[in-house]
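Visitor: Could you take me through one part of this model in detail, paying attention to what is covered and what pairs with what?

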Amino acid sequence: MLTPTHHLPARSRAQLIATGVHVTRGGTTVLTDVDLTVSPTTRLAIVGENGRGKSTLLHVLTGARAPDAGEVRQVGTIGVAEQEMVTHDERTVGQAVADAIAAPLAALEALETATNALATEKPGAAEDYAAALELAETLDAWDAERRVHIALEALGAETDFGRPLADLSVGQRYRVRLACLLGAEDDFLLLDEPTNHLDRSGLDFLTDRLRSRPGGVVVVSHDRALLTDVADTILDLDPTPDGRPRIYGDGYSGYREGRRAEQDQWQQDYDRQQTEAARLNDDLSAAQNRLQSGWRPPKGTGKHARATRAGGLVQSVRRRQEALDAHAVTVPEPPQSLRFPELPTQSGAAMLTVEEVTVDGRLDVPTSFELGRSERLVVTGPNGAGKSTLLAIAAEDLSPDTGQVRRTAGTRLGLLRQESELPPHRRATDVYAEHVGALVAAGTLRESQAVGLSQLGLLRARESGKRVGELSMGQQRRLQLALVLAGRPHVLLMDEPTNHLSIALVDELTEALQATQAAVVVSSHDRQLLRDTSGWPRLRLGAGTPARP
């Protein structure tokens, strides 16, 4: 249950406390034993793979959903922005702003009324004026409308107050709502994937406001740069050995270090229990074999001796069965980790040369680059600049209108497209096996070079046995990555490789791309990936003539 105890901003007294929160949905446990405390200085990020209950927890914290067990205590006010937008909203931008700052506007109106009463010396006017002034100061009411205006401008939102919200795109409406929330300055701001509809300048503004605002922040996000820049505490809802969520301090770096240490320990404990179970099972099998065929004593041994030996072997089997039964495997199977196959490199000065290529209406400026063994390149630029087109040309999936692409003989290329179509009715394991078989049949790969799907650590057996259409977007993206790695490419072309992947897998993929011997080209808007590859040469599109890297 939610227990609100304060309807006006509580400022330094504000608290948002969840204790023992438990939520089930359709018989499936979504949240277990969630405990957290949010103060006015807290910057908390909630992370986890899709379906782990991040949005559900936000609903519980706001009171939109009651937990099945546990409670939430709220002191102060909450502003919330969910991912989904209301489809029908008949208000104008101005009306949305007025609704967002209704309390400050009402406080200013009350102050004006009290001021007039004070001027006419009405009875009790002094007390009313003092109370109205205190409320206006608490709400910082004089600055409320200006704060919203600043946020609208900075986020690239609609500033025409007469414009109907229904006329705006989803992204535009989201930016208006976010600006209103930032201007309202509630005690707590709860945001679900707030970076989805923002450009670079909007992201910078949001980051600055979340760090500096006078109130607590709870944000659900896959944006690792936002987590790095804003969060001081991370609540991880991904699986753990005991099924309970983990809270990590020291921001995103503390989360990465703490999670890695726990995952390593989890794997060691699991391996140790599995090894001991296998040993006990082998002992039992050996004892059973001796009982069945090896207990007979030499010829001439008396019946009593034979019976004594048989009884001893039976007892041995029982002892080993009891030992095996007593060894309960209590540690669940740990999450998989990406296991990048060894990707080869090619000799020679240039494995791939892209020279002065253009595609009418998609890549209008002649663009060139060259890749040698183990070289790196980051392709940047705004949407529509031709980044995906350039990678498709480099992979020879698309013919340029002008220019040419040259590839050293024997060089294998792998292209991870930004979006790929997979057959929805086929099982993932069959899609992968057919792809590998085609590579071997074409002579692109030797059979000894083939990599099994399970070896990559991207999909578990229960997932790879599903039809593609039954997989989540993240699981389908994992399959797409597996298909690219199956070809053991000398050159990896990665178009927005972090799309739909969990934070943990993105970190693993980033490390693998840094370490692989293959040449790598990455096109991405992922700010953290761009930071992680800051030492790589850049090729910027959409800014006149691209410079040769």
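Guide: What follows is a close look at strand 17 and its neighbours, and then at helix 6 and the strands beside it. The model is a predicted one, in which local features need pLDDT of at least 70 and side-chain atom pairs count only at pLDDT 80 or more, while totals for chains, interfaces and linings use all residues. Residues are numbered from 1 along each chain as its sequence is written, and side-chain values use heavy atoms, with hydrogens and water left out.

Strand 17 covers residues 519-523, and five of its five residues are buried, where buried means under 20% relative accessible area, exposed over 50%, and partly exposed in between (1.4 Å probe, protein chains only). Helices (H or I, at least four residues) and strands (E, at least two) are DSSP runs, numbered from the N terminus. Ala519, Val521 and Ser523 lie on one side of strand 17 and Val520 and Val522 on the other, and both faces are covered. Two strands pair if DSSP finds at least two bridges between them; strand 13 is joined to strand 17 by four bridges, and the two run parallel, with Val379 standing opposite Ser523. Strand 16 (residues 491-495) also runs parallel to strand 17, joined by five bridges, and here Leu492 stands opposite Val520. From strand 16 the chain passes through helix 15 (residues 503-515) to strand 17 in a right-handed β-α-β crossover, a term used if, with the strands pointing away from the viewer, the path from the first strand over the helix to the second runs clockwise.

Ser374 is found in the loop between strand 12 (363-371) and strand 13 (376-380); its phi is near 60°, a positive value in a residue other than glycine, and Ser374 is partly exposed at a relative accessible area of 27%.

Turning to helix 6 (residues 170-184), twelve of its 15 residues are buried, among them Tyr174, Leu178 and Leu182. The cover over these buried residues includes strand 6, helix 2 (93-100), helix 5 (144-154), strand 7 and helix 7 (200-212), counted by contact, meaning heavy atoms within 4.5 Å. After helix 6 comes Glu185, with a positive phi near 55°. Of the strands in that cover, strand 6 (residues 78-81) has alternating side chains, with Gly79 and Ala81 buried on one face and Ile78 and Val80 on the other face not buried. Strand 6 runs parallel to strand 7 (residues 188-192), joined by four bridges, and Ile78 stands opposite Phe188.
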